[in-house]
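The exercises below ask you to read strand pairing, burial and domain contacts from a set of coordinates. Please work through each task before turning to its solution.

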Amino acid sequence: MSAPFSWIKPHPWGVEVVPAGAFIDPARAVDKALVTHGHADHARGGHGETFATPETLAIMELRYRTGAADDAGEIPHKAMPVEYGETIRLPGGVDATYIPAGHVLGSSQILLEHAGERVVITGDYKRRADPTCAPFEVTPCDIFITEATFGLPLFTHPPIGEEMGKLLSALEGNPEGSVLVGAYALGKAQRVIAELRAAGHTDPIYLHGAMEKMCRLYEEHGVDLGELKLVSDHSKDDMAGSIVIAPPSALNDRWSRRLPNPVTAMASGWMRVRGRARQRGVELPLIISDHADWNELTDTIRQVNPIETWITHGREEALLRWCELNQRRARALAMVGREEEDEG
Ligand SMILES: [Zn+2]
Ligand SMILES: [Zn+2]
């Protein structure tokens with residue numbers, strides 16, 4: 001008989017599901033990958049088989065064109081779609097069930113069951129409502145493998161309605177100009193647009209060209225984003241009094257000169273840190289995150305109530321300490337290659 005949980009083995013570059021010969025969100029190309037969501041630090045190209053939700057596979061297809069071969073042309077990629085709630089049987093008698101993580105379109109937690117033991121790996125997740133994706137579901141398990149991107153008590157995300165209010169008043173205060181919002185191209189951009197629509201903003205929203213395909217993909221998967229126009233098709237006059245969405249890298253770029261007198265905003269959980277906003281020359285920091293904040297990380301651990309918590313990436317020290325203080329067994333996995341980038 002093997003030791004408890006010996007079938008699940010963390011490596012710095014991915015969590016291995018030993019009997020199945022599979023890896024979760026591996027940072028290198030493997031034969032069999034279980035992918036939680038489409039962000040680049042979780043979904044690499046070049047795997048033999050990729051098990052993911054149909055939405056995540058579509059996102060990977062768009063970003064990597066993995067249909068035929070990876071960039072190096074080596075390993076052919078086989079897309080293995082798994083719907084939310086569906087359980088698939090992997091080799092070695094491991095069952096995998098995909099459960100919504102509430103992070104971005106198609107994002108999932110993966111529940112692994114083997115020999116009567118249950119392990120949940122969250123990938124990235126959040127607990128706030130998001131009109132662009134299915135909500136996180138609390139899933140009881142023995143080992144809970146969680147992210148900790150915002151694993152410090154200082155990180156508390158305000159209600160999104162407050163941040164939308166700031167954005168819309170900045171627009172009102174600049175009727176001849178524009179508000180340029182820096183937002184990560186997968187997830188954040190579409191969420192900001194959908195939240196603006198929910199707040200009653202029906203005017204056309206202008207997009208940087210790099211945003212267009214991902215927004216169309218969201219629309220094809222049933223997310224209504226209202227009227228979207230491309231900055232490149234319009235004059236400064238057309239865009240007066242409008243909101244423009246661009247990747248964070250475009251904020252201080254020559255590109256922004258084509259906009260009418262823009263107020264520069266950025267939507268990110270990192271905007272809680274003033275220095276980060278200043279560094280990027282952001283005039284209107286919007287604290288909008290697709291990750292759980294500190295209270296949500298700790299509440300989620302309490303609700304899931306695992307025997308052990310493993311922490312994959314982020315600010316793991318503080319969350320580890322919190323677990324100790326609350327008599328919860330925990331360990332940090334020190335995963336590499338998980339970038340915080342702008343996806344916060
Ligand atoms: Zn992510
Ligand atoms: Zn991540």
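How many bridges join β10 to strand β11 (residues 143-148), and do the two strands run parallel or antiparallel? Three bridges join them, and β10 and β11 run parallel; helices (H or I, at least four residues) and strands (E, at least two) are here DSSP runs numbered from the N terminus, and two strands pair if DSSP finds at least two bridges between them. The model is a predicted one, in which local features need pLDDT of at least 70 and side-chain atom pairs count only at pLDDT 80 or more, while totals for chains, interfaces and linings use all residues. Residues are numbered from 1 along each chain as its sequence is written, and chains are lettered from A and ligands numbered from 1 in the order in which they are written.

**Exercise 1. Place β10 among its neighbours.**

Step 1: On the β11 side, Ile121 stands opposite Ile145, and Val119 stands opposite Ile143.

Step 2: Towards strand β9 (residues 108-114), strand β10 (residues 117-121) is joined by five bridges, and these two strands run antiparallel; one pair to locate is Glu113 with its bridge partner Arg118 in β10.

Step 3: Follow the chain from β9 into β10, and you find a hairpin with two residues between the strands, where Ala115 in the turn has a positive phi of about 50°.

**Exercise 2. Assemble the whole sheet and identify its edges.**

Step 1: The order is β7-β8-β9-β10-β11-β18-β19, which makes an open sheet of seven strands with mixed pairing.

Step 2: At the edges stand β7 (87-90) and β19 (329-332), each of which has a single partner strand, so one side of each is left without a neighbour in the sheet.

Step 3: With direction ignored, neighbouring strands of this sheet are turned by 20° against each other on average, where axes are lines fitted to C-alpha atoms, for helices over the stretch in contact, and angles run from 0 to 180 degrees between N-to-C directions.

Step 4: β11 pairs with β18 in the parallel sense over five bridges, with Thr146 opposite Ile311 in β18; strand β18 (residues 308-314) in turn pairs with β19, again in the parallel sense, over four bridges, and Glu308 stands opposite Arg329 in β19.

Step 5: Helix α7 (residues 316-325) packs on the sheet and touches β11, β18 and β19, its direction making about 165° with that of β18, whereas helix α6 (residues 294-304) lies across β11 and β18 and runs at about 175° to β11.

**Exercise 3. Decide how far β11 and β12 are enclosed.**

Step 1: Apply the burial criterion, by which a residue is buried if 20 or more other C-beta atoms lie within 10 Å of its own, exposed if 12 or fewer, and partly exposed in between, with C-beta atoms placed from the backbone.

Step 2: Six of the six residues of β11 are buried, so this strand is largely enclosed by the rest of the structure; Ile143, Ile145 and Glu147 lie on one side, and Phe144, Thr146 and Ala148 on the other.

Step 3: In strand β12 (residues 178-182), five of its five residues are buried, with Ser178, Leu180 and Gly182 on one side and Val179 and Val181 on the other.

Step 4: β12 runs parallel to strand β15 (residues 242-246), to which five bridges join it, and Val179 has Ile243 as its bridge partner there. Five bridges also join β12 to strand β16 (residues 262-267), likewise parallel, and Gly182 stands opposite Met266 in β16.

**Exercise 4. Find the covered side of helix α4.**

Step 1: In helix α4 (residues 212-220), the buried residues are Met214, Leu217 and Tyr218.

Step 2: These residues cover an arc of only 100° around the axis, the arc being that of the directions from the helix axis to the C-beta atoms, which puts them on the same side of α4.

Step 3: Lys213 and Glu220, on the other side of α4, are exposed.

Step 4: What covers the buried residues includes α1 (54-64) and α3 (188-198).

Step 5: Just after α4, Gly222 takes a positive phi of about 90°.

**Exercise 5. Describe how the two domains meet.**

Step 1: The bounds, which come from an automatic or database domain assignment, give domain 1 (8-153 + 291-332) and domain 2 (160-286).

Step 2: Their C-alpha centres lie 29 Å apart.

Step 3: Across the boundary, 15 residues of domain 1 are in contact with 15 residues of domain 2, contact meaning that the C-beta atoms of two residues, placed from the backbone, lie within 7 Å.
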